[in-house]
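Colleague: I'm new to this, so please pick out the empty space in this model and give me a close look, one step at a time.

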Amino acid sequence: MQTYLLSQQFNARSLAENSTACPANATICNGTSCVLPEDNFNKTLSIILSTVLTIMLALVMFSMGCNVELKKFWGHIKRPWGIFVGFLCQFGIMPLTAFLLSLIFNVLPVQAVVVLIMGCCPGGTASNVIAYWVDGDMDLSISMTTCSTLLAMGMMPLCLFVYTKIWTDSNAIVLPYDSIGISLAALIVPVSFGIYVNHRWPSKAKIILKIGSIVGAILIVLIAVVGGILYKGSWIISPKLWIIGTIFPAAGYSLGFFLARVAGLSWHRCRTVSLETGMQNTQLCSTIIQLSFTPEQLELMFTFPLIYSIFQLLFALLILGGYRVYRRHRVKTKTDVEKTEEKEDSKSTSSHAKINGGFVSNETK
């Protein structure tokens, strides 16, 4: 009887200890920090949500295409100075910034590699939606996103080969060319239909654009929320990655705008290049790291793409809010100036009429 009681107490104590630990099926267990294997339910849910989001994103890009004029778009292709500046920002500034941030914060090699993968990714489609809301050049925005996604097939391996040599073998990083191809198709096909609709039915294209811009803004937030729910892994990661995830997108926006301005681009194109530089394809980054690293390595940097995604969205919303305030103030000031000028003109006209005996020339009418 005493042996039975001791056995029961031992089982109860073990159960209490295990209740605060990771589940038995955890792939990684370090205290309460766990990475669980993907079960069928979550895998099915992920596929369903990914399909729905892909369809919604295609519809949004179709609406964005309705704001693109074929002549202007083709003009950017024939005279690709803006696209070239965006190329320098995307595959010059961003990988170099990722490399320097990894050195400055002295992160672990596997963490440095994931930061570099993020820096080498092409621009995300969310930048097209934000570019519309800040009155950017939509023709340039879409052409930049298309070209960066296409060029990523060659530039990503090259940049990773150059910058990751001191930390790891670049051959160990698996690049999902099928995912890049799908992203490219999901961008080009709906945008092409949108350009055609804008060319044939401009009035209908404006209505589609207004609806799509609102849906696009909602979709950006929805993708961030869904990503946070579906991410498998612990949020207890190195504080250094949190800091880098905050600084990195801000640096991308700032340096992209600065380089575009130095290159002589107009203000609305500078805003466009800035957004295309700072907003990365975080879904592609997540796919690459899941294909390339072991579960033990994933624990060290699994949620970095989501951290970057959150802060790139927050800074984009700050840019949007700041631009809207500036625009409202500028329009108000411009209106006040015009009213003042009208009053001064009316005063000068009346005084001129008095001097000339009430005669008003045709030029002042």
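Modeller: Start with two helices, α4 (81–104) and α7 (138–163): each of them gives at least two residues to the lining of the largest cavity. Keep in mind that this is a predicted model. To find gaps like this, you roll a probe the size of a water molecule over the atoms and see where empty space is left. Counting cavities of 30 Å³ or more, you get one, and its volume is about 70 Å³.

So who sits around it? α4 brings the largest share of the lining, five residues. Going by the residue numbers, those are Ile83, Gly86, Phe87, Gln90 and Phe91. From α7 come Met144, Cys147, Ser148 and Leu151. Glu276 is also part of the lining. Sort the lining by class and you find six nonpolar, three polar and one charged residues. That charged residue is Glu276, because Glu counts as charged. Gly86, Gln90 and Ser148 go down as polar, because Gly, Gln and Ser fall outside the nonpolar and charged groups.

Now for a pocket, which is open where a cavity is closed off. The second largest pocket holds about 210 Å³ of space. Its lining is made up of Phe257, Trp267, Arg271, Ser274, Leu275, Ile319, Tyr323, Tyr326, Arg327 and Arg330. Two helices, α11 (267–278) and α14 (304–355), supply two or more of these residues each. The largest share, five residues, belongs to α14. Here the classes come out as six nonpolar, one polar and three charged. The charged ones are Arg271, Arg327 and Arg330, because Arg counts as charged. By its number, the Glu276 we met at the cavity also falls within α11.

Last, let's see what it looks like where two helices pack together. The axes of α5 (residues 109–120) and α12 (residues 282–292) come within 9 Å and cross at roughly 140°. That angle makes α5 oblique to α12, because roughly antiparallel would need over 145 degrees. The crossing of α5 and α12 is right-handed. On the α5 side, look for Val114, Ile117 and Met118; facing them in α12 are Thr282, Cys285, Ile288 and Ile289. Between them you have six nonpolar residues, one polar and no charged ones. The polar one is Thr282, because Thr is in neither the nonpolar nor the charged group.

Note on methods. Residues are numbered from 1 along each chain as its sequence is written. This is a predicted model: local features need pLDDT of at least 70, side-chain atom pairs count only at pLDDT 80 or more; totals for chains, interfaces and linings use all residues. Side-chain values use heavy atoms; hydrogens and water are left out. On a 1 Å grid over the protein atoms alone, a cavity is a set of points where a 1.4 Å probe fits but cannot get out, and a pocket is an open set with protein on both sides within 12 Å along at least five of seven lines; lining residues have an atom within 4 Å of a point. Grid points are joined across faces, edges and corners, and a volume is the space filled by probe spheres set on the points. Helices (H or I, at least four residues) and strands (E, at least two) are DSSP runs, numbered from the N terminus. Axes are lines fitted to C-alpha atoms, for helices over the stretch in contact, and angles run from 0 to 180 degrees between N-to-C directions. Angles under 35 degrees count as roughly parallel, over 145 as roughly antiparallel, 65 to 115 as roughly perpendicular and the rest as oblique. A crossing is left-handed if the near helix is turned anticlockwise from the far one by less than a right angle, and right-handed if clockwise. Contact means heavy atoms within 4.5 Å.
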